[in-house]
Amino acid sequence: MNFSENFRIAIRALAANKLRSALTMLGIIIGVGAVVALMAIGNGATAEITNQVQGIGTNVITVFPGSFQRGPGGGQTTRAFLYYKDYELLKKNVSGITGIAPSFQRGYTVTYGKKSVDVSVVATTPQFGPVRAYEAEYGRFLADADQASAAKVAVIGSQTATDLFSGLNPVGRTIKINNAPFEVVGVLKSKGASGFGNGDEIVLVPLETGYDKLFGSAAAVDGKRRVTDISMSAASPEVVDSVIVQAERILRKQHGLTLTDELDFTVLSQAAFLGVLTAITATLTAFLGAIAGISLLVGGIGIMNIMLVSVTERTREIGLRKAVGAKRKAIMLQFLIETVMLSLIGGTLGIGLGWAIAAGVSAADLVQAKVTLDSVLLAFFFAAAVGIFFGLYPAFRASRLNPIEALRYE
């Protein structure tokens, strides 16, 4: 009996028990769908992180309070603070930078009339714009005069402008930040949103204004003004490492740390920051993909179980075929074809399910999930491998049946 005949027999056998075949494939469908969807979400998250970080600029170096450790459990592990004095020392002593900007950030409710939004309010200096690649689309950016006079002015993100003003021109209008009035002097160009934050949901105010009229005691520790981070822009990619070394040396001395003490701050370039975030998302994607892969194994066990039942039900058929000359190889091939077909049909439907889930996540604007050919091929061939692996034992068992005993089976 040739392959095409075995194929036709397998089709008839599966079609004869449509509901059972569909339920058998369910585990494969869910497993493949989960693998494709999770990998698509992971790829999309990685791409968005890369775009956001690169959008700031590859030469940007940021100083954070606390130590940042890579690896399992990595993160900001030391409770520490950065101070405005740290910014002044870096500004005065670090060479090879084209700009430096401190910032203090807190979440506040911003209102205009009866509308209100919860956004990130960042108090900073005019250098924040060129260093972090923010530009005003309407109106103007923060100016030195605003900082010197502690003016109650604000530059708002494009999404904040849409949420509060619904198409009106915000420039010249007054908003309230934590019930304090601020005049809107500019609207920022859009930087885009993702599931990891929205760079357009932001309000910028002069740093001096934030200290004096907005944040109060929250921005001070032991009577010293603090900042949440300090951003620097290196003059070129070649001097990024030099700037990092200088910043670490200056702040180590300023914070009274010896060469053997653990740093209570972190200096990261955008490239290093991107590497950390990409490693985290890649690890999470692989972990979630492995969990989804368990569904494929469960589905494979379900296929093996049903095929063993099928072998039992078709014992007389197998005995008859053997009695008329069918070889063990032909019997084994027939059942193996049936299991592989169950896996491949389930895998194809699972790919469609994963694609639909990824499209739904993208439509919900959570993450722009990206289904890649690699993930589709991986899921498809893994489904086929599951079919072959879990189909071998039932096929082998069918091929080993004694034809005389099989014909006597009731």
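On one side of helix α3, residues K91 and K92 are exposed, where exposed stands for over 50% relative accessible area, buried for under 20% and partly exposed for what lies in between, computed with a 1.4 Å probe on protein chains only. The model is a predicted one, in which local features need pLDDT of at least 70 and side-chain atom pairs count only at pLDDT 80 or more, whereas totals for chains, interfaces and linings use all residues. Residues are numbered from 1 along each chain as its sequence is written, and side-chain values use heavy atoms, with hydrogens and water left out.

Helix α3 spans residues 84-93, and its buried residues are D86, Y87, L89 and L90. These buried residues fall within an arc of 165° when seen down the axis of α3, so they line one face of the helix; the arc is that of the directions from the helix axis to the C-beta atoms. The buried residues of α3 pack against β1 (60-65), β4, β5 (97-112), β16 (229-234) and α8 (240-254). Helices (H or I, at least four residues) and strands (E, at least two) are DSSP runs, numbered from the N terminus.

One of these partners, β16, has 6 of its 6 residues buried, so β16 is largely enclosed by the rest of the structure. Both of its faces are covered, with D229, S231 and S233 buried on one side and I230, M232 and A234 buried on the other. Strands count as paired if DSSP finds at least two bridges between them, and β16 has the two antiparallel pairings set out below.

| Strand joined to β16 | Bridges | Residues standing opposite each other |
|---|---|---|
| β1 | 4 bridges | V63 and I230 |
| β5 | 6 bridges | G99 and S233 |

Another partner of α3, strand β4, belongs to an open sheet of 3 strands with the order β4-β15-β14 and antiparallel pairing. In this sheet β4 (82-83) and β14 (220-221) stand at the edges with a single partner strand each, so one side of each is left without a neighbour in the sheet. The antiparallel pairing of β4 with strand β15 (residues 224-227) extends over 2 bridges, and L82 stands opposite V227 in β15.

Helix α8, also packed against by α3, contains Q246, which is buried with a relative accessible area of 9%. Leaving aside neighbours within four places in sequence, Q246 is in contact (heavy atoms within 4.5 Å) with N93, V94 and S95.

Further along the chain, helix α11 (residues 328-363) and helix α12 (residues 373-399) have axes that come within 7 Å and cross at roughly 150°. Helices α11 and α12 are therefore roughly antiparallel to each other, given that angles over 145 degrees count as roughly antiparallel, under 35 as roughly parallel, 65 to 115 as roughly perpendicular and the rest as oblique. Axes are lines fitted to C-alpha atoms, for helices over the stretch in contact, and angles run from 0 to 180 degrees between N-to-C directions.

Helix α10 (residues 315-323) packs with α11 at an angle of about 145°, their axes being 10 Å apart. In this packing E317, I318, R321 and K322 of α10 meet R328, A330, I331, Q334 and F335 of α11.

For the protein as a whole, the secondary structure comes to 13 helices and 17 strands, and buried residues make up 47% of the 410 residues. Among contacts between residues at least 6 apart in sequence, 77% join residues at least 24 apart.
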